[in-house]
Amino acid sequence: MYGNDFNVPDDAGESGSVSGGSGPAGGGPSRGPSHLLDEVAAAERALREAGAASVAGQDAGPGAEADEDELRRYFDAVIDADQKIEPRDWMPTGYRQSLIRQIAQHAHSEIIGMQPEGNWISRAPSLQRKAILLAKVQDEAGHGLYLYAAAETLGVSRDTLVELLLAGRQKYSSIFNYPTLTWADVGAIGWLVDGAAIVNQVPLCRCSYGPYARAMIRICKEESFHQRQGYEILHTLAHGTPEQKVMAQDAVDRWWYPSLAMFGPPDADSTHSQQSMTWRIKRFSNDELRQRFVDMCVQQASVLGLDLPDPDLRWNEQRQAYDYTQPDYDELMRVIKGDGPCNRQRAAHRRAAHAEGAWVREAAQAYAEKQAARMREVAA
């Protein structure tokens, strides 16, 4: 029961009301989850082919004594050839810093993002729902782990990144500063928030930096399950009692525009986007990804029987895409700067959890040192 998993009936008609607007039955071009997972599989094949080509004897690049101009020419050649930069390779300072900023923000978002849904683990409506939600929250912790590990290959320690997050000097996604008021919010987060994340992150499977691209392969596969879980929750509620459908619609109404804002400011106001695309860290602009997300969600909303809260949502035959109302970017900037509904709560909870977990980190460190000492004794 999920978007493109449905066949559109032949008699669905040429047009009709779709979530506040009109458009073709089936919602225009297919950009659903099956298509996105195909992109992940293609990116994974490309990574393997690139690795095989390197093993087969590709030029390993200039030696350690090469001057910076030669190193830069090689770096540019690798980027232009759509190959991967690896931790051992020379890279411009700006490239390294852009990756650290982006990967750190992504990792922080996964960790902070555990809070809104973790709040509902004990209150989920059944044991099965509790188990599924617990598994999802554990997945998010794992995603943070992969990403912190990828950032460490750029020469920054995980402790440093965590300290910057706790001090408020590095950001996480603005979406996690909104409250989860009802059980339906868990469904809306899965469908809309994780859906936006997948649209944004699938192109990162082809990121020019190898460790980030490889981490994103697994993350996107797992996120696809999260999106399906959210969709299934909303589908159940939307086809349940009238009160449940009202609750589902309310959650979609509240999460729609914050989800659109997840893609960042419009292209004209994006500080890092163009340079990241030149370096092939990103593959598409913020506005291109936002449009893909809208086109995908309209199809899925029609199957859910829920409306997207945009009275101006219309199919544009000329563009072969939906026209839609932009999110409130002023609100986005206020939330990013710390003035969202839950900014202070999220940060305080993370600092408290970090402090309370100190004994676990200390015990793990002591155990690792003890094991290392034993290994040295055996070797001696």
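This passage walks through helix packing, aromatic pairs and a few individual residues in a predicted model.

A good place to begin is helix H7, which spans residues 183–201. Packed helices such as these are described by the angle between their axes and the distance between the axes. The axis of H7 comes within 10 Å of the axis of helix H11 (residues 286–304), and the two cross at roughly 140°. Because this angle falls short of the range over 145° that counts as roughly antiparallel, H7 is oblique to H11. The crossing of H7 past H11 is right-handed. On the H7 side, the contact is formed by Trp191, Leu192, Gly195, Ala196, Val199 and Asn200. Facing them on H11 are Leu289, Arg292, Phe293, Met296, Cys297, Gln300, Ala301 and Leu304. Sorted by class, the residues of this contact comprise ten nonpolar, three polar and one charged.

H7 also packs against helix H9, with the axes 9 Å apart and at an angle of about 30°. Since angles under 35° count as roughly parallel, H7 and H9 are described as roughly parallel to each other. Here too the crossing is right-handed, with H7 passing H9. H7 contributes Ala184, Asp185, Ala188, Ile189, Trp191, Leu192, Val193 and Ala196 to the contact. From H9 come Met247, Ala248, Ala251, Val252, Arg254, Trp255, Trp256 and Ser259. This contact contains 13 nonpolar residues, along with one polar and two charged ones. Trp191, Leu192 and Ala196 of H7 take part in the contact with H9, and these residues are also listed in the contact with H11.

H9, covering residues 242–261, has a further partner in helix H8 (residues 210–238). The axes of H8 and H9 lie 7 Å apart, and the packing angle is about 140°. H8 and H9 are therefore oblique to each other. In this contact, Leu234, Leu237 and Ala238 of H8 meet Gln244, Lys245, Met247, Ala248 and Val252 of H9. The residues involved divide into six nonpolar, one polar and one charged. Met247, Ala248 and Val252 of H9 meet H8, and they appear in the contact with H7 as well.

Attention now turns to the aromatic rings. Across the whole structure, nine aromatic pairs are found. One of them joins tyrosine 95 and tryptophan 279 in an edge-to-face arrangement, with the ring centres 5.7 Å apart and the planes at 90°. Tyrosine 95 belongs to helix H3, whereas tryptophan 279 sits in the loop between helix H10 (273–278) and H11, so this pair ties together parts that are 184 residues apart in sequence. Tyrosine 95 is buried at a relative accessible area of 0%. Tryptophan 279 has a relative accessibility of 14% and also counts as buried. Another pair is made by tryptophan 315 and tyrosine 322, whose ring centres are 5.0 Å apart; because their planes lie at 70°, this pair too is edge-to-face. Both tryptophan 315 and tyrosine 322 are buried. Ring pairs also build a cluster, linking Tyr95 and Trp279 with Phe75 and Trp90.

Helix H3, which runs over residues 93–112, also holds alanine 107. With a relative accessibility of 0%, alanine 107 counts as buried. When neighbours within four places in sequence are set aside, alanine 107 is in contact with Gly144, Leu147 and Tyr148. The C-alpha atom of alanine 107 is separated by 9.5 Å from that of alanine 149, a residue 42 places away along the chain.

Two loop residues round off the picture through their backbone angles. Arginine 280 is not a glycine, yet its phi is positive, at about 60°. Arginine 280 lies in the loop between H10 and H11, the loop that also holds tryptophan 279. With a relative accessible area of 25%, arginine 280 is partly exposed. Glutamine 320 likewise has a positive phi, of about 55°, although it is not a glycine. Glutamine 320 is located in the loop between strand E3 (314–316) and strand E4 (321–323). At 40% relative accessibility, glutamine 320 counts as partly exposed.

Conventions. Residues numbered from 1 in each chain as written. Predicted model: local features only at pLDDT ≥ 70, side-chain atom pairs only at ≥ 80, totals over all residues. Heavy atoms only, no water. Axes fitted to C-alpha atoms, helices over the stretch in contact; angles between N-to-C directions. Helix = DSSP H or I, 4+ residues; strand = E, 2+ residues; numbered from the N terminus. Parallel < 35°, antiparallel > 145°, perpendicular 65-115°, else oblique. Left-handed = near helix turned anticlockwise from the far one by under 90°. Contact = heavy atoms within 4.5 Å. Nonpolar A, V, L, I, M, F, W, Y, C, P; charged D, E, K, R; others polar. Buried < 20%, exposed > 50% of the residue type's maximum accessible area, 1.4 Å probe, protein only. Phe/Tyr/Trp six-rings, centres within 6.5 Å; stacked < 30°, edge-to-face > 60°.
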